[in-house]
Amino acid sequence: MAMAEAAAEPAAIADETLLQIEGLRTHFRKDGAVVRSVDGVDLRIPRGRTLAVVGESGSGKSVTSLSIMRLIPEPAGRIVGGRMLYRDRTGRLLDLARLPVSEMRRIRGGEISMIFQEPMTSLNPVFTVGDQIAEAVALHAGKDRAEARRVAVEMLRLVEIPAAERRVDEYPHQMSGGMRQRVMIALALSCRPSLLIADEPTTALDVTIQAQILDLMRRLQREIGMSMLFVTHNLGVVAEIAHEVAVMYAGRVVEQAGVEAIFAHPRHPYTEGLIACIPRLRRHAPGQQRDREPGGRRHRLVAIPGSIPSPAALPPGCAFAPRCSRAVDACRLEIPDLVEVAPGHRSRCLRWRDL
Amino acid sequence: MGPAAAGGPTAVPSRPADLLRVQGLRKHFPVGGGWGRPRVVVKAVEDVSFAVPRGHIVGLVGESGSGKTTVGRAILRLIEPTAGRVEFDGTDVAKLGAAALRRFRQRMQIIFQDPYSSLNPRMRVDEIIAEALTAQAPMPRAERRDRTERLLLRVGLRPEQMRRYPHEFSGGQRQRIGIARALAVEPDFIVADEAVSALDVSVQAQVLNLLQDLREDLGLTMLFIGHDLAVVEYLCDEIVVMYLGRVMEIGPSEELCAAPSHPYTRALLSAAPIPDPAAPRSRIVLKGDIPSPVEVPSGCVFRTRCPHSVAACATVVPPLVEVAPGRFSACIREDIR
């Protein structure tokens, strides 16, 4: 879609949508070539719900979330097209892609905040965790130091850090990975955001700690009523946390639907392949047929052949076509549109009816 | 087999088909001691015993600090065990001298999690494979080339890719190169240390299929170290569950995953996210963090997070006992098995 057309369309989003991304394109320049990391992303983040963005490496899921925050490192990277329509707390409709830097600073941390996979990269090692939360609170809510500290302790309690009054004076390195991620969440929530972007927040954690953090995030999302954009590569985590799911491949959303629909009736061959290729614990998939003679062979996993294309060398047409068992000639000619295949269910596949 | 004699290593009964038998393995690392701080000992691996039958894949699972990686490296003597026996095909590897060890290394290989950091970026693929092929003895050029081609085909790469450098390959292809290099010496036994953990899911399935083919076609025996229980259950015949340096439970994969005996195994299984939003969930959420390996709890190392712990758990190190045929668990609470 040409930019002129997009700009001509009236800026409007449905009441139940907090953020609507249309045709977002974020490109990077590397060794003189253009890397189209995000190349036409369409997403709707519903109000008070969790949208999981799932994809493999190079799908553009992290670049999408950094684009929303306007944290793309310039001049190497740049948002070159599309709109990110966001309704702020005062009810104004803003296009985050074009918002002046000063106004974006108010939104970032004030209304939209973000947590990352590795909390140590965002926590300052020379300040206590309490100071860091207090600073964020004082900066965005205009509170004095004593009040900010009281809020910091309260925030640590909110994220279930034991002995919060004592731990508020600890430094990040004195804490475990799970505790640090809790501090990051406390920091991100200290300004009661309307939208929390969480980029692989549990990927570096052990599975028993991951279960704790997912529990916590689910509870907080519900209690605070915020929207959450949860970026992950793990379909198990998606099923645990998401209300809605967007599947990304090679810089585009190839499917978006409610979590039950995505798992029960995927309408894109890539989604179908992803769901089929993960081994499941047999206790959760009693129907899965296996040969269990010790030393004997298992059923083969349904693997997707080939590998993810480099965003610097995308194939023409549907980027998944070279790996797709259902691809026909038309798939290689032009990029299919993201079309509604059922209410609230969109797929970018010419052959969705055959799935 | 009853509980092990007091003081002695816990033993798992040996089977005639075992290729590898690990008994009472310990690895202690001294840490600290500088700047006036006290020197302490990290007991990374403490009294670990298990066996791997010929042609089988045994999974070693645990979270960080469980000691699973240390066990894998101590078996290959990439690190020196502090105590214990590592019996490979009847020979105690832990006691071998340098020359004998080198000969044994030909039979035991390792695949790492991150193939990129284990492949020399300045060497072409054919040079990487050739280095492994000629590590033991020189080989004529033509044969070297022929064997390299066959190895690449074997792991699903095209022979014409052999003149490329590691950075020209995707993550999955690099792992295939790592596997080809391990296979070059025609080993009987492979330690796969988180070999699929860094791969994208669509590629992970390809590599799991390849590992199965290799086991089948070459009769390989494998110790598969991992943290994703679904992957480990899928690939392995038997699973050894570790926590803070100790074995919690051992059993055939499906039985252990369907009806875990040890409270830690139960919690670990219930914590695994289920890729199905419609599946019923009954989660045991463990309280607190994994303790630091420097300050391991007394008695049962899991007791500080265990929902079933009683006073006695703090005083007795529970022995690994056979709770059903082929199933072993280290828990004194017989009433909750």
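Two strands count as paired here if DSSP finds at least two bridges between them. Keep that in mind for the hairpin in chain A. The model is predicted.

**Stop 1: chain A as a whole**

Select chain A. There are 11 helices and 12 strands in this chain. Its C-alpha atoms fill a box of roughly 65 × 65 × 45 Å along the principal axes. How does the radius of gyration of chain A agree with that of a compact globule? A compact globule of 355 residues would come out near 20 Å, and chain A has 21 Å, so the two agree.

**Stop 2: the β4-β5 hairpin of chain A**

Select residues 77-87 and 93-95 of chain A, which are β4(A) and β5(A). These strands pair in the antiparallel sense over three bridges. Label A:L85: its bridge partner in β5(A) is A:D95. Now look at the turn. The hairpin has five residues between the strands. Among them, which residue takes a positive phi? A:G91 does, with phi near 95°.

Add β1(A), residues 17-30. β1(A) pairs with β4(A) in the antiparallel sense over eight bridges. Label A:T26 and find its bridge partner in β4(A), A:I79.

**Stop 3: where chain A meets chain B**

Show both chains. On chain A, 44 residues are in contact with 44 residues of chain B. Now color the elements that give two or more residues to the chain A side: α7 (177-189), α8 (207-224), α9 (235-241), α10 (259-264) and α11 (269-277) of chain A. Which of them gives the most? α8(A) does, with six residues. Color the chain A side by class next. That side has 19 nonpolar, 13 polar and 12 charged residues.

**Stop 4: the four-stranded sheet of chain B**

Hide chain A. In chain B, four strands form an open sheet in the order β2-β1-β4-β5, with antiparallel pairing. The edge strands are β2 (39-53) and β5 (91-92) of chain B, each pairing on one side only. Zoom in on β5(B). Its pairing with β4(B), residues 83-88, is antiparallel and runs over two bridges. B:E87 has B:D92 as its bridge partner in β5(B).

Then add α1(B), residues 68-75. This helix lies across β1 (18-32), β2 and β4 of chain B. Its direction runs at about 115° to β1(B).

**Stop 5: the eight-stranded sheet of chain B**

What is the strand order of the eight-stranded open sheet? Trace β6-β7-β8-β3-β9-β10-β12-β11 in chain B; the pairing is mixed. The edge strands, β6 (108-111) and β11 (321-324) of chain B, each pair on one side only. Look along the sheet for its twist: neighbouring strands are turned by 25° against each other on average, direction ignored.

Select helix α10(B), residues 263-271, which packs on the sheet. α10(B) touches β9 (238-243) and β10 (246-252) of chain B. The helix direction makes about 100° with that of β9(B).

Move to the edge at β11(B). β11(B) pairs with β12(B), residues 327-329, in the antiparallel sense over three bridges. B:A324 stands opposite B:R327 in β12(B).

**Stop 6: two helix pairs in chain B**

Select α6(B), residues 171-183, and α7(B), residues 201-218. Are they roughly parallel or roughly perpendicular to each other? They pack at an angle of about 20°, with their axes 9 Å apart. α6(B) and α7(B) are therefore roughly parallel. Their crossing is right-handed. Show side chains for the contact: B:G171, B:G172, B:Q175 and B:I179 of α6(B), and B:V203, B:Q206, B:V207 and B:L210 of α7(B). By class, these contact residues are four nonpolar, four polar and no charged.

Finish with α4(B), residues 125-133, and α5(B), residues 141-154. This pair packs at an angle of about 110°, with the axes 10 Å apart. That angle makes α4(B) roughly perpendicular to α5(B). The crossing of α4(B) past α5(B) is right-handed. From α4(B), the contact uses B:D126, B:I129, B:A130 and B:L133; from α5(B), B:R144, B:R147, B:T148 and B:L151. The contact residues of α4(B) with α5(B) divide into four nonpolar, one polar and three charged.

Conventions: Residues are numbered from 1 along each chain as its sequence is written. Chains are lettered from A and ligands numbered from 1 in the order in which they are written. This is a predicted model: local features need pLDDT of at least 70, side-chain atom pairs count only at pLDDT 80 or more; totals for chains, interfaces and linings use all residues. Axes are lines fitted to C-alpha atoms, for helices over the stretch in contact, and angles run from 0 to 180 degrees between N-to-C directions. Two residues are in contact if their C-beta atoms, placed from the backbone, lie within 7 Å. Angles under 35 degrees count as roughly parallel, over 145 as roughly antiparallel, 65 to 115 as roughly perpendicular and the rest as oblique. A crossing is left-handed if the near helix is turned anticlockwise from the far one by less than a right angle, and right-handed if clockwise. Ala, Val, Leu, Ile, Met, Phe, Trp, Tyr, Cys and Pro count as nonpolar, Asp, Glu, Lys and Arg as charged, and the others, Gly among them, as polar. The radius of gyration is taken over C-alpha atoms; the globule rule is 2.2 Å times the number of residues to the power 0.38.
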